[in-house]
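This report describes the overall build of the chain and then follows a single strand together with its partners.

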Amino acid sequence: MNTTSSVLIGATLFCCGLLQPDPVSAQDLEPRRWTPLPLGTNVAGAGYAHTTGDVDFDPVLQLEDVTVDVDTWFLSHVNSFSLAGKLARFDVLLPWQKARWEGLHMGVPAEADRTGFADPRFRLSVNLLGAPDAGAEDLGKYMASHPINTVVGAALSVSVPLGEYYSDKLLNLGENRYTIRPQIGVVHTRGPWSYELTGSAFLFTDDNDFFNGKTREQDPIYAMQAHVVRMFKPGLWASLSAGYGKGGSSTIDGVKKNDERANFLSALSVGVPLSRTQGIKVAYIRARSRESVGSDTDSVAVGWSVFY
């Protein structure tokens with residue numbers, strides 16, 4: 001395998017190792033989501049994340065001092081291809097979770113356990129400007145001849161309501177609605193350093209079978225996230241990430257709720273190569289609410305990926 005191909009494989013593992021989902025929030029932190037992948041690239045992955053923290057609900061629900069512990073196992077797959085002459089990729093994320101909530105309901109100790117699939121996520125992204133749609137050798141030559149380069153991309157992510165959901169339960173793993181997320185992002189690379197900025201909007205369809213047969217509507221959430229990444233050698237890298245999202249007020253059966261979200265997320269991620277075609281990624285993700293309704297959680301995640 002030549003040096004150019006080795007660099008491209010390292011970059012492939014580098015950007016596909018772990019999606020860093022927050023199991024109790026719509027937001028995520030995903031460094032290098034716009035990194036160009038050679039045409040025909042396939043990356044399969046598996047991972048685990050443990051999340052623990054506090055959850056603050058609307059006071060009308062009379063839920064107090066609630067804590068949550070979530071174990072998430074997930075499978076992922078990424079495929080790159082050409083779309084209208086542009087480099088594109090399609091991502092699939094399939095999560096399975098085991099969650100436990102404990103707290104006080106009307107002053108009485110209560111708990112809830114859920115185990116099953118959460119909603120899967122599908123994402124189509126296209127690089128609008130920057131690297132060409134090319135195979136590993138040609139793309140590697142382009143990257144080597146452009147150590148300073150900028151990529152601009154657009155994407156559409158959809159979470160599909162296939163996860164476990166009970167309409168008579170307030171707490172569920174699935175959402176029973178679609179979450180549609182348009183994204184636009186830019187990554188600027190200067191040698192071993194990359195700087196990425198992504199803007200997103202979370203658009204929610206109505207849940208017409210919300211808790212005890214009610215209808216829930218939710219305003220959009222608007223979010224930004226930024227990443228600073230340092231590549232040390234193919235497959236060995238580290239990143240610092242930060243994100244902020246605001247919005248998402250709910251309406252239940254036509255009654256507006258005072259439950260707007262405002263969340264700040266930060267993360268530290270490290271990727272380590274296992275071989276020329278395999279790598280692992282370890283991440284710590286911290287989420288803090290800036291409103292009275294929301295969650296304060298800490299997550300540790302590990303992912304494995306293989307290029308083929």
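Helices, as DSSP runs of H or I, need at least four residues, and strands, as runs of E, need at least two. On that basis the chain, which is a predicted model, holds 2 helices and 17 strands. Because a compact globule with 308 residues would have a radius of gyration near 19 Å, the 20 Å of the chain agrees with such a globule, and the C-alpha trace spans about 65 × 35 × 30 Å along its principal axes. Of the 308 residues, 48% count as buried, and among contacts between residues at least 6 apart in sequence, 65% join residues at least 24 apart. The chain exposes about 13,700 Å², of which carbon and sulfur atoms supply 61%. Its side chains include 27 positive and 33 negative ones, and the centres of these two sets lie 9 Å apart.

Strand β7, residues 179-190, has side chains that alternate between two faces: Thr 179, Arg 181, Gln 183, Gly 185, Val 187 and Thr 189 point to one face and are buried, whereas Ile 180, Pro 182, Ile 184, Val 186, His 188 and Arg 190 point to the other and are not buried. In a regular strand, side chains alternate between the two faces of the sheet.

The pairings of β7 are set out below.

| Partner of β7 | Sense | Bridges |
|---|---|---|
| β6 (residues 148-159) | antiparallel | 12 bridges |
| β8 (residues 193-204) | antiparallel | 10 bridges |

Thr 150 stands opposite His 188 of β7, while Val 187 has Glu 196 in β8 as its bridge partner. β7 and β8 form a hairpin with 2 residues between them, and Gly 191 in the turn has a positive phi of about 65°.

Note on methods: Residues numbered from 1 in each chain as written. Predicted model: local features only at pLDDT ≥ 70, side-chain atom pairs only at ≥ 80, totals over all residues. Heavy atoms only, no water. Rg over C-alpha atoms; globule rule 2.2 N^0.38 Å. Buried < 20%, exposed > 50% of the residue type's maximum accessible area, 1.4 Å probe, protein only. Contact = heavy atoms within 4.5 Å. Areas by Shrake-Rupley, 256 points an atom, 1.4 Å probe, with all protein chains shown as cover. Lys, Arg positive; Asp, Glu negative; His and termini not counted. Charge placed at Lys NZ, Arg CZ, Asp CG, Glu CD. Pairing = 2+ DSSP bridges.
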